[in-house]
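Colleague: I would like to learn how to read a model of this kind, feature by feature. Could you take me through the charged pairs, the enclosed parts and the open spaces in turn?

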Amino acid sequence: MKKCLLDLRIKSVEQLHQRYVLMKLTDEKPLPEMLPGQFVEIRVDGSQSTFLRRPISINFVDRELNELWLLVATVGDGTRKLATLQPGDLLNCLLPLGNGFTMPTSSAEKILLVGGGVGVAPLLYMGSEMSKKGFEPTFLLGARTSNDLLMLDEFKRYGRVYVTTEDGSEGEKGFVTNHSLLQKEQFSRIATCGPTPMMKAVAAFARKADVDCEVSLENLMACGLGACLCCVEKTTEGNLCVCKDGPVFNIRKLLWQV
């Protein structure tokens with residue numbers, strides 16, 4: 001898939017949470033093809049401590065409005081600088097990068113999408129693309145508290161949504177792997193993105209249940225092209241660059257001790 005270096009114009013910046021902003025970007029030309037699970041490398045201008053691009057998952061693509069949505073967690077100087085940008089500003093983006101999730105091809109497939117924190121971002125786009133193809137995804141989303149749950153109304157547009165919170169303030173109390181849904185229903189495949197401990201727990205469940213599972217890794221990715229080797233992950237095929245060979249991997253390929 002062709003990679004593009006574009007100066008995208010910001011249409012809006014919405015503060016969803018004290019730690020998260022939703023940025024909607026557009027261009028004069030139609031946005032390039034992008035797959036669920038791929039990401040964007042963003043140049044951060046005006047930050048004296050940010051020298052490398054920041055990788056951000058593709059949250060959603062609205063073809064009718066020609067919009068690219070990015071859900072940004074403001075965890076460092078670079079992402080905090082991004083959150084200060086205003087409508088009309090330009091953002092230099094290298095996209096699309098990496099490999100995406102495996103999309104269903106048969107009506108017999110029943111897909112569960114499991115996300116936590118800002119890791120829910122790529123699952124919205126996957127759910128929307130599944131819905132376009134006639135598949136209904138099931139979302140299982142986890143957070144610390146109800147205030148930390150993101151974009152629930154958007155997820156509900158495309159499939160069933162189940163929730164866990166660690167404090168029990170919404171949905172079932174506990175972690176995503178504790179949700180009763182996993183005991184009540186059988187799934188043919190799981191796709192997950194979020195904190196590494198959560199993904200390892202989901203992977204352990206999938207192995208035990210003999211369910212195919214893909215995870216989207218969030219290793220530090222500086223170049224996005226496999227050149228700098230800072231995002232290497234040990235796999236059954238040797239050391240692979242998450243940015244180029246991932247970020248989505250089948251758990252059968254990973255050497256996680258779970």
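Colleague: Let us begin with Asp77: how does its relative accessibility of 42% count?

Modeller: This is a predicted model, and every value I quote is computed from it. Because buried means under 20% relative accessible area and exposed over 50%, Asp77, at 42%, counts as partly exposed. Arg80 is partly exposed too, with a relative accessible area of 42%.

Colleague: What do the side chains of Asp77 and Arg80 form?

Modeller: Side chains of opposite charge can pair when their charged atoms come close. Here the side chains of Asp77 and Arg80 meet in a salt bridge, with N to O at 2.8 Å. The two residues are 3 residues apart in helix 1, which spans residues 77-82, so that about one helical turn separates them.

Colleague: How many salt bridges are found in the whole structure, and which pair links distant parts of the chain?

Modeller: The search of the whole structure finds 12 salt bridges. One of them joins the side chains of Glu109 and Arg189, at 2.6 Å from N to O. That pair links distant parts of the chain, since Glu109 is in the loop between strand 6 (90-97) and strand 7, whereas Arg189 is in strand 11, 80 residues apart. Glu109 is partly exposed, with a relative accessible area of 22%, while Arg189 is buried, with a relative accessible area of 6%.

Colleague: With which residue does Glu237 form a salt bridge?

Modeller: Glu237 forms a salt bridge with Lys253, and the closest N and O atoms are 3.5 Å apart. Glu237 lies in the loop between strand 13 (232-235) and strand 14 (238-241), and Lys253 in the segment after strand 15 (248-250), so the pair ties together parts that are 16 residues apart in sequence. In terms of accessibility, Glu237 is exposed, with a relative accessible area of 54%, whereas Lys253 is partly exposed at 26%. To place Glu237 against another part of the chain, you can look at Thr192, which is 45 residues away along the chain, with 21 Å between the two C-alpha atoms.

Colleague: Which residues are linked in a network of salt bridges?

Modeller: Lys110, Arg160 and Glu185 are linked in such a network.

Colleague: What is the nearest side chain of opposite charge to Glu214, and how far away is it?

Modeller: The nearest one is Arg189, at 4.5 Å, and Glu214 is buried yet has no salt bridge. The cut-off matters for this step, because a salt bridge needs a side-chain nitrogen of Lys or Arg within 4 Å of a carboxyl oxygen of Asp or Glu. What the side chain of Glu214 does have is a polar contact of 2.5 Å with the side chain of Thr102. Glu214 is placed in strand 12, residues 212-216, and, leaving aside neighbours within four places in sequence, its contacts include Phe101, Ile190, Thr192, Val248 and Asn250.

Colleague: Turning to whole elements, why is helix 2 described as largely enclosed by the rest of the structure?

Modeller: The way to read this is to count the buried residues along the element. In helix 2 (residues 121-132), 10 of the 12 residues are buried, so the helix is largely enclosed by the rest of the structure. Among those buried residues are Leu123, Leu124, Tyr125, Met126 and Glu129. The buried residues pack against strand 4 (54-62), strand 5 (67-73), strand 7 (111-116), strand 8 (138-143), helix 3 (152-156) and strand 11 (189-193). Just after helix 2, Gly134 takes a positive phi of about 90°.

Colleague: Now for the spaces: how many cavities of 30 Å³ or more does the structure hold?

Modeller: The structure holds 2 cavities of that kind, and the largest has a volume of about 40 Å³. Its lining includes Gly116, Val120, Leu141, Asp148 and Leu150, and strand 8 gives the largest share of that lining, 3 residues.

Colleague: And what is the volume of the largest pocket, and which element gives the most to its lining?

Modeller: The largest pocket has a volume of about 510 Å³. Of the 24 residues that line this pocket, Pro55, Ile56, Ser57, Val118 and Glu218 are the closest to its centre. Strand 4 gives the most to the lining, with 4 residues, and strand 4, strand 5 and helix 1 each supply at least two.

Technical notes:
Residues are numbered from 1 along each chain as its sequence is written. This is a predicted model: local features need pLDDT of at least 70, side-chain atom pairs count only at pLDDT 80 or more; totals for chains, interfaces and linings use all residues. Side-chain values use heavy atoms; hydrogens and water are left out. Buried means under 20% relative accessible area, exposed over 50%, partly exposed in between (1.4 Å probe, protein chains only). Lys and Arg count as positive and Asp and Glu as negative; His and the chain ends are not counted. A polar contact is a pair of N or O atoms within 3.5 Å; within protein, one must be able to donate a hydrogen and the other to accept it, and residues adjacent in sequence count only if both atoms are side-chain atoms. Contact means heavy atoms within 4.5 Å. On a 1 Å grid over the protein atoms alone, a cavity is a set of points where a 1.4 Å probe fits but cannot get out, and a pocket is an open set with protein on both sides within 12 Å along at least five of seven lines; lining residues have an atom within 4 Å of a point. Grid points are joined across faces, edges and corners, and a volume is the space filled by probe spheres set on the points.
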